[in-house]
Amino acid sequence: MNYKIQVLSTRLRWAIVVISLIAVTSLPIIYFFYDINGFNSSNPVFQELWGLGDQFRPMLIFGQLPTFVLSGLFIYWLWRLFGQYAKGDYFGKESDRCYLWLVWLYGVSIPLGMLESLWLSYLSYVHNNEFTLFFALDIGRLFTLFVLVSVLYILRAAKQIDQENKEFV
């Protein structure tokens, strides 16, 4: 069973790389060749400003840089976590460190999304001289963060129990 999990982890690790490369290369391709916005398609203020043409596009892309950096870090730590799993290290210190980074990055992504909304509101104000605040707090993302922190706590407790059992034997 351990071997199957290691093989699955290796496959998932490479799937992350392939999917990430497809996503990273498709965004500029659809933008430059088809003039389709794939950067922040769910925010109506972003879409409105994007539709104005080249006037705001550099500032909109600049506003997305923190999200791209965060996504890159998330992919890196996920890659490392599955690398540890592929080695059979499920409860080790390095696996715990990778998972902790993933939880922190996910937690940082929530307020970062709010800051991006404020940035878009400012750009909308510059264009319209009218302040339109599109500020969304996704309860589902908060619940997911709670679940991730809970899993981290359970993994640490399981690791401690495993160490106590090894000491007892």
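Helices are taken as DSSP runs of H or I with at least four residues, and strands as E runs of at least two, numbered from the N terminus. The structure described here is a predicted model, in which local features need pLDDT of at least 70 and side-chain atom pairs count only at pLDDT 80 or more, whereas totals for chains, interfaces and linings use all residues. Residues are numbered from 1 along each chain as its sequence is written, and side-chain values use heavy atoms, with hydrogens and water left out.

Helix α3 carries W79, which at 22% relative accessibility counts as partly exposed, because buried denotes under 20% relative accessible area, exposed over 50%, and partly exposed the range in between (1.4 Å probe, protein chains only). W79 is separated from W14 by 65 residues along the chain, while the C-alpha atoms of the two are 8.2 Å apart.

Two packed helices are described by the angle between their axes and the distance between the axes. For α3 and helix α4 (residues 93–128), the angle is about 170° and the axes lie 9 Å apart, where axes are lines fitted to C-alpha atoms, for helices over the stretch in contact, and angles run from 0 to 180 degrees between N-to-C directions. The two helices, α3 and α4, are therefore roughly antiparallel to each other, the term applying to angles over 145 degrees, with those under 35 counted as roughly parallel, 65 to 115 as roughly perpendicular and the rest as oblique. The contact of α3 with α4 comprises 21 nonpolar, six polar and four charged residues, in a scheme where Ala, Val, Leu, Ile, Met, Phe, Trp, Tyr, Cys and Pro count as nonpolar, Asp, Glu, Lys and Arg as charged, and the others, Gly among them, as polar.

The largest nonpolar core, that is, a set of buried Ala, Val, Leu, Ile, Met, Phe, Trp, Tyr and Cys residues joined through side-chain atoms within 4.5 Å, has 17 residues, of which W77, L81, Y99 and L145 touch the most other members. At least two residues of this core come from each of α3, α4 and α5 (139–168), and α4 gives the most, with nine residues. Also in helix α4 is V103, which is buried, with a relative accessible area of 8%; V103 and V151 are 48 residues apart in sequence and 9.9 Å apart in space, C-alpha to C-alpha.

Internal space was searched on a 1 Å grid over the protein atoms alone, a cavity being a set of points where a 1.4 Å probe fits but cannot get out, a pocket being an open set with protein on both sides within 12 Å along at least five of seven lines, and lining residues having an atom within 4 Å of a point. Grid points are joined across faces, edges and corners, and a volume is the space filled by probe spheres set on the points. One cavity of 30 Å³ or more is found in the whole structure, and the volume of the largest cavity is about 80 Å³. Its lining includes L81, Y85, Y99 and R156, with α3, α4 and α5 each supplying at least two residues, and divides into six nonpolar, two polar and three charged residues.

The second largest pocket holds about 280 Å³ of space, and the elements giving two or more residues to its lining are α1 (2–34) and α3 (57–86). Helix α3 gives the most to this lining, with six residues, and the lining as a whole has seven nonpolar, five polar and no charged residues.
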